[in-house]
Amino acid sequence: MKAVRYHRYGDSDVLEYEEAPRPVPGAGEVLVQVTATSFNPVDATIRAGYLSEVFPVALPHVPGIDLAGTITELGAGVEGRRPGDSVVAFLPMTADGAAAEYVLAPADALATAPTTVAAADAAALPAAGLTAWQALFDVAQLRAGQSILVNGAGGAVGGYAVQLAKQAGAAVTATASARSANRLRDYGIDHIIDHLDYTATPVTAAGRPFDVVLNLVGTTPEETAALVDSVGDGGVLVSATTPPPEQAGRGVRTERLFARSDAGQLAELVRRVDAGQLRIDVADRRSLADLAAVHADADAGQLPGKTVLVA
């Protein structure tokens with residue numbers, strides 16, 4: 001089969017589109033013919049070797065933690081699934097991923113794919129959607145009537161976070177670039193702050209202090225401090241990127257988020273997509289053979305948004 005692999009850590013040029021052995025499912029696994037995967041920033045961070053101690057991978061390694069595809073074979077002991085099922089999954093960080101024609105997936109990580117979007121576009125849902133869900137509800141325990149600031153809402157996680165927070169009955173403010181503003185307004189956001197200005201007075205004018213602040217971009221110490229200051233007494237700061245301070249004072253709880261696979265939560269996200277309550281936004285669709293170029297664009301800060309790689 002064809003797969004994108006890297007045999008050593010490094011820049012995007014270590015990614016090679018090449019022949020690789022077709023995997024065989026073991027107990028509790030299924031073999032999935034990949035329709036698409038998507039690019040996530042953590043893919044590039046792992047590829048560069050920055051997370052080798054946290055997420056050690058065996059080389060050569062196939063990236064791609066998002067999966068949309070069709071089951072072709074079942075391993076021993078797998079029940080409730082059959083060949084031909086269309087599925088989505090957030091794959092284990094350290095296992096070979098979905099940047100290939102076929103991939104192994106734990107059966108307990110699978111959710112039935114949405115039926116109301118293109119099969120390939122469903123690959124944009126698992127990792128980003130679960131990150132948003134877990135940040136809001138598992139960690140921050142967001143409730144109706146609360147206020148939330150989403151710092152960096154223009155990305156995939158931010159887009160899902162805004163939609164989910166609004167559905168939960170929260171008042172949502174976000175920092176985002178101008179190119180994302182119209183999409184966020186379509187999601188029903190209450191306030192938008194230009195991402196270059198969030199450390200200044202507009203944050204106060206938009207409703208500071210907030211019950212919850214969700215940070216989705218890398219921040220300097222000064223920017224991180226400004227985010228902490230934006231949290232009300234007894235509130236919570238959740239960061240999926242820069243580690244927050246352990247002791248923020250004023251009863252503010254700070255948490256670093258590491259998203260995990262959860263088939264039940266993913267199934268709920270799929271249900272909302274099919275019910276028309278959650279939109280999947282895909283900025284670009286590329287061939288899997290272009291993955292090295294996508295990584296290069298991401299390293300240079302030039303990706304237009306969520307990018308799906310079609311196998």
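A cavity is a set of points inside the protein where a 1.4 Å probe fits but cannot get out. Keep that idea in mind as we walk through this predicted model. A search of the whole structure turns up three cavities of 30 Å³ or more, and the largest has a volume of about 70 Å³.

What lines that largest cavity? Its lining includes Y6, D43, H61 and M93. Sorted by class, the lining residues come out as eight nonpolar, three polar and one charged.

Let's stay with Y6 for a moment. Y6 has a relative accessibility of 1%, so it counts as buried. Y6 also belongs to one of the two aromatic pairs in the structure. The ring centres of Y6 and Y9 are 6.4 Å apart and their planes meet at 45 degrees, so this pair is tilted. Y9 itself is partly exposed, at 28% relative accessibility.

The other pair is W133 with F137: here the centres lie 4.7 Å apart and the planes are at 65 degrees, so the pair is edge-to-face. Both residues sit in helix 2 (residues 126-139), four residues apart, which is about one turn of the helix. W133 is buried at 13% relative accessible area, while F137 is partly exposed at 21%.

Rings can have charged company, too. The charged end of R22 sits over the ring of Y102, 4.1 Å from its centre.

Now for the second largest cavity, with a volume of about 50 Å³. Helix 3 (residues 156-167) contributes the most to its lining, with four residues. By class, this lining has three nonpolar, three polar and three charged residues; R183, R279 and D281 are among the residues that line it.

Key:
Residues are numbered from 1 along each chain as its sequence is written. This is a predicted model: local features need pLDDT of at least 70, side-chain atom pairs count only at pLDDT 80 or more; totals for chains, interfaces and linings use all residues. Side-chain values use heavy atoms; hydrogens and water are left out. Rings of Phe, Tyr and Trp (its six-membered ring) pair if their centres lie within 6.5 Å; planes under 30 degrees apart count as stacked, over 60 as edge-to-face and the rest as tilted. Buried means under 20% relative accessible area, exposed over 50%, partly exposed in between (1.4 Å probe, protein chains only). Helices (H or I, at least four residues) and strands (E, at least two) are DSSP runs, numbered from the N terminus. A charge sits over a ring if NZ of Lys or CZ of Arg is within 6 Å of the ring centre and within 35 degrees of the ring normal. On a 1 Å grid over the protein atoms alone, a cavity is a set of points where a 1.4 Å probe fits but cannot get out, and a pocket is an open set with protein on both sides within 12 Å along at least five of seven lines; lining residues have an atom within 4 Å of a point. Grid points are joined across faces, edges and corners, and a volume is the space filled by probe spheres set on the points. Ala, Val, Leu, Ile, Met, Phe, Trp, Tyr, Cys and Pro count as nonpolar, Asp, Glu, Lys and Arg as charged, and the others, Gly among them, as polar.
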